[in-house]
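Hi there,

Here is the structure I promised to pass on. Have a look at it first, and my notes follow just below.

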Amino acid sequence: MEDPAQVSKFSEPFNDLASGIISIPINLPGTPFRRGIKAAETVRKELMGIIKQRKIDLEEGKVAPNQDILSHMLLATDENGQFLNELNIADRILGLLIGGHDTASASITFIVKYLAELPHIYNEVYNEQMEIARSKQPGELLNWEDIKKMKYSWNVACEVMRLAPPLQGAFREAIHDFTFAGYSVPKGWKLHWNVNSTHKNADYFPEPEKFDPSRFEGNGPAPYTFVPFGGGPRMCPGKEYARLEILVFMHNVMKRFNWEKVLPDEKIIVDPMPMPAKGLPIRLFPHKA
Ligand code: HEM
């Protein structure tokens, strides 16, 4: 369980951090870039404290070497037997926090939004989740078999990420000359791929504006057309974790509540991920027992 004090201590620099990453790189007071740099310093300092304490705990045998990714990073060595230094580890953890936090929270926010807007979809997801909930003993936790049964729920989450992808794409730059499939690619060549070139393309997703989770049934969309997590060797390494996080969230919230939006016409802003402008206030209705 997260400690709420820790979450709130981190959340402000965290928002600035994310905004700073996708900003114009002008380091002047008051700019998102400057706030991003300051926020990174704050979070890095916190992380350095956690890393130092973890080193002590590992030395004293108070935590297991395979406890989590931080322990793994502290104990991993390169081919020369060198450990990663603490700052390097802090930056890698920072990368994971940024990559994993806002993306998943944007997806979850839009799932909540679409389910409020589309009661027939809500009902289908609810039925799937309740069948799983009913098969459990009181207090029994979800297991991997349950997650595998959440097929319709994941199709809904995918359709949400097709229409409202947390990341719009990524940049690539060739760092040396190379040849690929008979094409010469010179050093410095730049590529920017954008999800919407396929996600909103009627050739791959007929009636692209229509919310239709059945697109993901069977073999699903053609390879490299549904790419909220990117594709190829640099594809998001957190995809399976994100799937788990999203489905566990859907299960636990939907078995307890239905909801409606407080602001029917709330605007969507992009900062740096798409988000409802007022944070999507909702009214929760507990299910009758
Ligand atoms: C719904 C949630 C998520 C979405 C939509 C998402 C999307 C993406 C995308 C589009 C990329 C860029 C891929 C590319 O450059 O081709 C990426 C990279 C990355 N993601 Fe995610 N991500 C999500 C969750 C996570 C989580 C939970 C973690 C970690 C716990 C994570 C860690 C990373 C990392 C470390 C990279 C950089 C990989 C590299 O450059 O090799 N992501 N993600």
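**Around the ligand**

Gly99 offers a polar backbone atom 3.2 Å from a nitrogen atom of the ligand. Please keep in mind that this is a predicted model.

Two arginines approach oxygen atoms of the ligand through their side chains: a polar side-chain atom of Arg172 is 2.7 Å from an oxygen atom, and for Arg234 the distance from a polar side-chain atom to an oxygen atom of the ligand is 2.6 Å. Both arginines also appear among the closest of the 21 residues that surround the ligand, together with Ser107, Pro228 and Cys236.

Which element gives the largest share of the shell around the ligand? That is helix 4, with six residues. Helix 4 runs from 86 to 117, and strand 1 (169-173) and helix 9 (239-254) likewise each supply at least two residues of the shell.

**The protein as a whole**

Stepping back, the protein has nine helices and eight strands. Its C-alpha trace spans about 55 × 55 × 40 Å along the principal axes. There are 289 residues, and 35% of them count as buried. Among contacts with a separation of 6 or more, 58% are between residues 24 or more positions apart.

As for the surface, the accessible area comes to about 18200 Å², with 57% of it belonging to carbon and sulfur atoms. The protein carries 34 positive and 36 negative charges, and the mean positions of the two sets are 2 Å apart.

I hope you enjoy looking through it!

Best wishes

Terms used:
Residues numbered from 1 in each chain as written. Predicted model: local features only at pLDDT ≥ 70, side-chain atom pairs only at ≥ 80, totals over all residues. Heavy atoms only, no water. Helix = DSSP H or I, 4+ residues; strand = E, 2+ residues; numbered from the N terminus. Buried < 20%, exposed > 50% of the residue type's maximum accessible area, 1.4 Å probe, protein only. Contact = heavy atoms within 4.5 Å. Areas by Shrake-Rupley, 256 points an atom, 1.4 Å probe, with all protein chains shown as cover. Lys, Arg positive; Asp, Glu negative; His and termini not counted. Charge placed at Lys NZ, Arg CZ, Asp CG, Glu CD. Near = heavy atom within 4 Å. Polar contact = N/O pair within 3.5 Å; in protein donor to acceptor, adjacent residues only side chain to side chain.
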